[in-house]
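Q: Got a minute to walk me through this one? I'd like the overall picture, then a closer look at one part.

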Amino acid sequence: MSKVLIIGAGGVGQVVAHKCAQQPEIFSSICLASRTVSKCDAIAEGIEREIVTASVDANDAENVVALLDRQKPAIVINVAQPYQNLPIQEACARCGVHYVDTSMYDEPEIFATDYAPQLAFSDRMAEGSATGVLSIGFDPGVVNVFCAYAQKHHFDQIDHIDIIDCNDGDHGLPFATNFDPETNIREILADALYYESGEMKSAEALTVKKDFEFPGLGMRTGYLMFHEEVISIAENFPGVKSVKFWMTFGEAYLRHLNVLRNVGLTSTEPIDYNGQQVVPLQFLKAVLPEPASLGPRYTGKTCIATILEGTKDGAEKKIIIYNHCDHKEAYNEVGVQAISYTTGVPAVTAAQQVLEGGWNVPGVHCPETLDPDPFLEALAKNGLPWHVKEL
Ligand code: NDP
């Protein structure tokens with residue numbers, strides 16, 4: 001019986017709040033805090049259990065410490081922007097509170113590509129008997145756990161890992177992002193970073209593509225992209241020869257993105273506009289649809305998978321481990337689309353495992369370094385069933 005503090009009241013925060021509320025035997029009380037408290041109140045109104053709401057500026061660790069002192073949670077589920085990861089981790093380390101997030105930390109003007117600053121909290125967390133689980137959404141997150149599961153049950157040696165992500169849904173709008181536009185557009189336009197032959201390599205954004213057969217959806221074209229799980233998986237699976245992340249995009253999406261980039265609206269360099277400093281990408285975010293508002297319009301499903309190739313008992317082997325998530329079903333259950341659902345459910349499952357399952361391991365961890373079995377069993381029960389297929 002533990003109190004959970006959720007920070008961030010976007011689409012993912014909404015899923016996390018609903019899913020924690022569904023498990024009162026684990027999350028005995030819930031506080032939902034964010035920069036704009038009215039968004040927390042709107043989410044709380046849609047949930048039958050009592051949810052305390054609070055306002056917090058999580059860019060400042062002192063603010064988060066004050067909130068932790070007032071609320072005294074056992075665990076924080078951080079689903080704000082990646083910019084807030086380090087201050088929230090600092091507060092959790094100081095107060096001895098468990099910590100879970102869903103993406104690698106980032107800085108507004110530097111694109112972070114290294115977990116070291118987040119893992120550096122490990123000793124302090126361990127001293128306070130607190131556990132931190134990093135980047136446990138779906139990708140990064142569950143796809144990392146799929147690698148650990150494959151290593152434990154299917155392979156002696158994993159040689160190649162391809163993570164593939166297809167949103168086959170349709171929201172009917174000309175252009176919108178499925179989660180925080182700033183994070184989403186930055187990662188798509190960053191140079192693709194992949195691991196091959198013992199080193200990280202890069203390629204210009206959206207220039208390398210490959211066709212993949214997505215179970216249940218058919219052939220789709222994936223574009224090689226930077227995604228943070230490539231970095232930690234390459235480090236944590238010694239001997240792996242390649243780790244690559246591929247995402248599919250519709251033609252209309254890419255056309256819009258190219259125009260926005262070409263006219264300078266995706267830039268993170270501040271410009272002076274009528275005496276005011278404006279970051280073009282932040283302005284663009286302000287005029288794009290809120291990701292949380294896409295839910296009612298969405299049909300179709302997502303398919304996210306890890307394809308692994310290697311050897312078992314001297315024979316070559318290739319498998320795919322995947323999940324399908326239906327946008328409408330997600331919306332009917334928690335009021336948001338599948339992208340937020342597939343991020344929020346793993347975060348809640350991780351929190352559950354830290355509080356009552358096999359993931360109470362003081363220190364800070366990437367998900368592929370923890371035991372995959374109890375997590376994956378709970379994940380399926382929590383609404384994200386997954387399947388293994390030999391290829
Ligand atoms: P949204 O942008 O919809 O929501 C982010 C929330 O964080 C908003 O409520 C925002 O408040 C709040 N916030 C922003 N700055 C602060 C601050 N300084 N202090 C407190 N709260 C703040 O994002 P999503 O819900 O779509 O995504 C949440 C997280 O999930 C992101 O970090 C994203 O990168 C991650 N993600 C991970 C995926 C995965 O598979 N691993 C996939 C998709 C998302 P306000 O409303 O005031 O702006």
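A: Sure. One bit of bookkeeping for the charges: Lys and Arg count as positive and Asp and Glu as negative, while His and the chain ends are left out. Also, this is a predicted model.

Q: OK, so how far apart are the mean positions of the positive and negative charges?
A: They sit 4 Å apart, taken over 28 positive and 52 negative charges.

Q: What about helices and strands, how many of each?
A: The protein has 14 helices and 18 strands.

Q: And how does the radius of gyration fit with a compact globule?
A: It agrees: for 391 residues you'd expect a value near 21 Å, and the protein has 20 Å. The C-alpha atoms fill a box of roughly 55 × 50 × 40 Å along the principal axes.

Q: How much of it is buried?
A: 57% of the 391 residues count as buried. The accessible surface is about 15,700 Å², and carbon and sulfur atoms make up 48% of that.

Q: What share of the contacts is between residues 24 or more positions apart?
A: 71%, counting contacts with a separation of 6 or more.

Q: Switching to α8, why is it largely enclosed?
A: Because nine of the nine residues in this helix, 181-189, are buried, meaning under 20% relative accessible area. Charged residues are on the buried list too, including Glu182, Arg186 and Glu187.

Q: And what covers those buried residues?
A: The cover includes α10 (251-262) and α11 (280-287).

Key: Residues numbered from 1 in each chain as written. Predicted model: local features only at pLDDT ≥ 70, side-chain atom pairs only at ≥ 80, totals over all residues. Heavy atoms only, no water. Helix = DSSP H or I, 4+ residues; strand = E, 2+ residues; numbered from the N terminus. Rg over C-alpha atoms; globule rule 2.2 N^0.38 Å. Buried < 20%, exposed > 50% of the residue type's maximum accessible area, 1.4 Å probe, protein only. Contact = heavy atoms within 4.5 Å. Areas by Shrake-Rupley, 256 points an atom, 1.4 Å probe, with all protein chains shown as cover. Charge placed at Lys NZ, Arg CZ, Asp CG, Glu CD.
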